[in-house]
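Reader: I would like to go through this model with you and ask what stands behind each label. Shall we start?

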Amino acid sequence: MADRYDLVIVGMGSGGMVAAEFAATLDLRVAVAERARVGGDCLWTGCVPSKALLAAGKVAHKMRTADDFGMEAVEPKVDRGSVWKHIRSVQQEIASTDDSPRRFVDMGIDLVYGPAKLVGRNSVQVGDLTLATRYVLLCTGSSPAVPAIDGLEEAGYVTSENLFALEDPPASFVNIGGGPIAVEMVQGFTRLGIPATLLQKGPRILPKDEPALVEKLVDKLRSEGIDLRVDVETEKVIVENGKKIVHGTENGKPATWAADELLVAVGRVPNKDGLGLEELGIECTPTAIVVDDRGRTSVDTVYACGDVAGRHLFTHSAAYEGVRAVRDMFFPGRGKVVARVPWCTFTDPELAHTGLTEPEARTKHGDHIHVWQMDLAHNDRARAEGASEGTIMIITDKKKIVGAHILAPAAGEMIHEFALAIEKGVKLNELSRYVHVYPTIGTSVWQLAGEAAYEKAEKLRWLVRRT
């Protein structure tokens, strides 16, 4: 162990791993305190296992709908335990390679296991060790929130924290919540032949996303037989004849829903307890450690990034914020955390988002905004693949792109073009200058950009050279 570190990172999840690797390339003395396993929520309880489950569900769905492509449809024989074993094998593959502790040790990073606590503006205590350091970066993430529902604790439930560790996955679920985790899992479960019902408190699922595209996604999910319930108030949970029964109301009318297990996915809470924040005078809210636009807490040697800082609760945002924090600590100038963060819900089709939704754009810019939209029913690749139930929506203000939303296969792969366009103040018609590959879903982006360019050309048609 070094006598004094340049940086001590608390938490070796998405933000901590990327920040540690970046700092190690700068020949800095770095230590990381980790209370459990390297990889954090993304590897062990979030992104990786959920996407492995969704991939399995997609295979089952393709088998079930093979007659759409002229082949015999078959009902897949799904062994739930085998699917969960496959999920864990994907996790272990990543844990033994890219997220291996040995990989970080070989970079010269000291890994210290145990719960960490700030004991000074330049000191972190991990068990019996006290690590002296120039800077501290808190990357402790978040945990699933649990609603106050009468009888829920007594009945028992799972969250993303333990869902993928189940040795004997249940035969049916009720998902409480309507955000990305609950929505992705209700489709994944249903496709794997695990009956599931989603209960959303508000009037629609995915309330942060573009309402028009969410409505189309809901239609698609329901067409697969997925049971989505909105305007639900959950009042109590009981156990009866081996089933967990949720009592509540749907649109104001009494209702019950029964399943073998409950998945609670109603949001996240920051992992900030026990870090010594209050003793050090670091400002917090109930939902986050307060940071400035450089990632600094109210104690300027202590930074925070990712879920615990409450900006955007995504793996990619945590990684970005961690790198910007290290840049701010050790390079001249300031490493502001100001980039727009796109996101994607990995249903099938995927729903990706960057910038403003249409209602947000109208509130901010007024009703003179322009909404450009193209359904995938007009996209040759989508039609060829039987995936024409989607839409690309682009929102412009004074011709500049201020929001983009994509409901399509691989929408998460397509959204980055728009994130960059918004960041750089690009006009929609300017995207037409960059040739997009045909046939791809992205061809529709080029078509929309072309429409904007044609509109401009039409206004200038008086300049056309004529014989």
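Reader: What percentage of the 467 residues in the protein is made up of buried residues?

Author: Buried residues make up 51% of the 467. Buried means under 20% relative accessible area, exposed means over 50%, and partly exposed is in between, with a 1.4 Å probe and protein chains only. A word on the ground rules: this is a predicted model, in which local features need pLDDT of at least 70 and side-chain atom pairs count only at pLDDT 80 or more, while totals for chains, interfaces and linings use all residues. Residues are numbered from 1 along each chain as its sequence is written, and side-chain values use heavy atoms, with hydrogens and water left out.

Reader: Thanks! How many helices and strands does the secondary structure come to?

Author: There are 15 helices and 23 strands. Both are DSSP runs numbered from the N terminus: helices are H or I with at least four residues, strands are E with at least two.

Reader: Why is the protein called as compact as a globular protein of that length?

Author: The radius of gyration is taken over C-alpha atoms, and the globule rule is 2.2 Å times the number of residues to the power 0.38. For 467 residues that rule gives 23 Å, and the protein has 24 Å, which is close, so it is as compact as a globular protein of that length. Along the principal axes, the C-alpha atoms fill a box of roughly 80 × 70 × 45 Å.

Reader: What share of contacts between residues at least 6 apart in sequence joins residues at least 24 apart?

Author: That share is 62%, where contact means heavy atoms within 4.5 Å.

Reader: On to the rings. What makes the pair of Y135 and F330 edge-to-face?

Author: Rings of Phe, Tyr and Trp (its six-membered ring) pair if their centres lie within 6.5 Å; planes under 30 degrees apart count as stacked, over 60 as edge-to-face and the rest as tilted. By this rule there are four aromatic pairs. For Y135 and F330 the centres are 5.3 Å apart and the planes stand at 85°, so this pair is edge-to-face. The two rings link distant parts of the chain, with Y135 in strand β6 (residues 129–138) and F330 in helix α10 (residues 315–330), 195 residues apart. Both Y135 and F330 are buried, and ring pairs link them with Y303 into a cluster.

Reader: How do you know that F314 and W343 are stacked?

Author: Their ring centres are 5.6 Å apart and their planes differ by 20°, and the limit for stacked is under 30 degrees. F314 sits in the loop between β18 (302–304) and α10, and W343 in strand β19 (residues 343–345), 29 residues away.

Reader: Why is W343 called buried and F314 partly exposed?

Author: W343 has a relative accessible area of 15%, so it is buried. F314 is at 23%, so it counts as partly exposed.

Reader: And the backbone: what makes K398 worth a look?

Author: K398 has a phi near 55°, a positive value in a residue other than glycine. K398 is in the loop between β22 (391–397) and β23 (400–408), and its relative accessibility of 68% makes it exposed.

Reader: Where does A410 lie, and why does A410 count as partly exposed?

Author: A410 lies in the loop between β23 and α13 (411–414). Its relative accessibility is 35%, so A410 counts as partly exposed. A410 also has a positive phi, about 60°, although it is not a glycine.
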